[in-house]
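The following exercises concern the predicted model shown below. Each one sets a task and then works through its solution.

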Amino acid sequence: MGRPMAANLVKAGHEVTVWNRTPKDVSGATAAATPAEAVKGKEAVWICVSDTVAVQQVLFGPEGASQKLESGTVVVDSSTISPSASLVLMEGLQECGCEFLDAPVTGSKVAAEAGTLIFIVGGNASTIERVQPLFSAMGKQVIHMGENGLGLAAKLAQNMNIAFIYEGLCEGLTLAKKMGVKPEKMFELIQASMIRSGVAEYKQPFILNQDYSPNFPLRLMHKDIHLMLDAAKENGVDLPGLAKIDEIYEEASKAGLGDMDYAATITLLEERAGLKKK
């Protein structure tokens, strides 16, 4: 997601310096050797990496960004990480004199490329206003959820809905197929009825074509499920349905599906139903 986001900032005329753990060029941007080098002299710093540990390393690890951040810089994290860990990172950045927003995104890699992401933001409204031109270059909407940490809290809740909707879709399609209903006809019914959803609409062509190349890798959705379960434990919330879905993702990971799209979980149900060979 980070590479097309950076590319859209360049297209909008912003001066961009990039750093990535696996070096990748962004046309029109300057490449830096370290996070510290990348943030030197910058008014705004944007992070988009895979997990909590990665964000911690980018900011406070060896040659991390915190070593060269200037007072007054706005740091925005679009990674999906632990809300409670994000608040700890915020405190460390405030000690550097920086402002911080947690701003995870929703939208596919297609949306990242098209600059139509939706940002789910936690932090001060005045800080959001300062970097609004950058949000506008990468996305179509900013939804301010409230104080720091609430952007991530909302993102986890949203991804939990996606996991449930997709699991229900998979189970329904598998049962219908086992009883003789073609998946194409089930999607026709879904689109025409009250169970229509963005998840079903987006995943339909991939399911019908059995194309599970990663738009959102299963390993990252599984990581998010663990974040949801951890957040639930921290807040005394019981999520029995999600715990069962976690078992399915655990099985899928052990079956070697981690780098495929999370849509590939349907293949497990089809195998169990005798619709697909192992």
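A residue is called buried under 20% relative accessible area, exposed over 50%, and partly exposed in between.

**Exercise 1. Classify Cys96 by accessibility, and describe its surroundings.**

Solution. Begin with location: Cys96 belongs to the loop that connects α4 (83-95) and β5 (99-102). Next, take its relative accessibility, which is 25%. Because this value falls between the two cut-offs, Cys96 counts as partly exposed. Then list its contacts: not counting residues up to four places away in sequence, Cys96 touches Ser66 and Ser71. Finally, consider Cys170, which is 74 residues from Cys96 along the chain. The C-alpha atoms of these two cysteines are separated by 47 Å.

**Exercise 2. Compare Glu63 and Gln210 with respect to backbone phi, location and accessibility.**

Solution. Start with the backbone. Glu63 is not a glycine, yet its phi is positive, at about 60°. Gln210, also not a glycine, has a positive phi of about 50°. Turn to location: Glu63 is in the loop between α3 (52-60) and β4 (74-77), whereas Gln210 is in the loop between α10 and α11. The last step is accessibility. Glu63 has a relative accessible area of 47% and is therefore partly exposed. Gln210, at 52% relative accessibility, counts as exposed.

**Exercise 3. Determine which residues and helices build the largest nonpolar core.**

Solution. First, establish the membership: this core has 33 residues, and Tyr166, Leu169 and Tyr262 touch the most other members. Second, identify the contributing helices. At least two residues come from each of α8 (150-178), α9 (183-192), α10 (198-208), α11 (218-234), α12 (240-254) and α13 (266-272). With eight residues, α8 gives the most to this core. Third, examine Tyr166. Neighbours within four places in sequence aside, Tyr166 is in contact with Val199, Lys203, Ile207, Tyr262, Ala263, Thr265 and Ile266. Fourth, account for the other core: a second, separate one of 23 residues includes Met5, Leu9, Ala112 and Ile128. As background, nonpolar side chains tend to be buried together in soluble globular proteins.

**Exercise 4. Identify the buried residues of α10 and the helices against which they pack.**

Solution. The buried residues of α10 are Val199, Ala200, Lys203, Gln204, Phe206 and Ile207. To interpret their spacing, recall that an α-helix has 3.6 residues a turn, so residues three or four places apart point the same way. The packing partners of these buried residues are α8, α9 and α13. Beyond the helix, α10 is followed by Gln210.

**Exercise 5. Assess the overall dimensions and fold composition of the protein.**

Solution. Count the secondary structure first: there are 13 helices and eight strands. Then test the size. A compact globule of 278 residues would have a radius of gyration near 19 Å, and the protein has 20 Å, which agrees. Along the principal axes, the C-alpha atoms fill a box of roughly 65 × 45 × 35 Å. Burial follows: 48% of the 278 residues count as buried. For contacts between residues at least 6 apart in sequence, 65% join residues at least 24 apart. The exposed surface amounts to about 14000 Å², of which carbon and sulfur atoms supply 53%. Lastly, the mean positions of the 26 positive and 33 negative charges lie 8 Å apart.

Notes: Residues are numbered from 1 along each chain as its sequence is written. This is a predicted model: local features need pLDDT of at least 70, side-chain atom pairs count only at pLDDT 80 or more; totals for chains, interfaces and linings use all residues. Side-chain values use heavy atoms; hydrogens and water are left out. A nonpolar core is a set of buried Ala, Val, Leu, Ile, Met, Phe, Trp, Tyr and Cys residues joined through side-chain atoms within 4.5 Å. Buried means under 20% relative accessible area, exposed over 50%, partly exposed in between (1.4 Å probe, protein chains only). Helices (H or I, at least four residues) and strands (E, at least two) are DSSP runs, numbered from the N terminus. Contact means heavy atoms within 4.5 Å. The radius of gyration is taken over C-alpha atoms; the globule rule is 2.2 Å times the number of residues to the power 0.38. Accessible areas come from the Shrake-Rupley method with a 1.4 Å probe; for residues, only the protein chains shown count as cover. Lys and Arg count as positive and Asp and Glu as negative; His and the chain ends are not counted. The place of a charge is taken as NZ of Lys, CZ of Arg, CG of Asp or CD of Glu.
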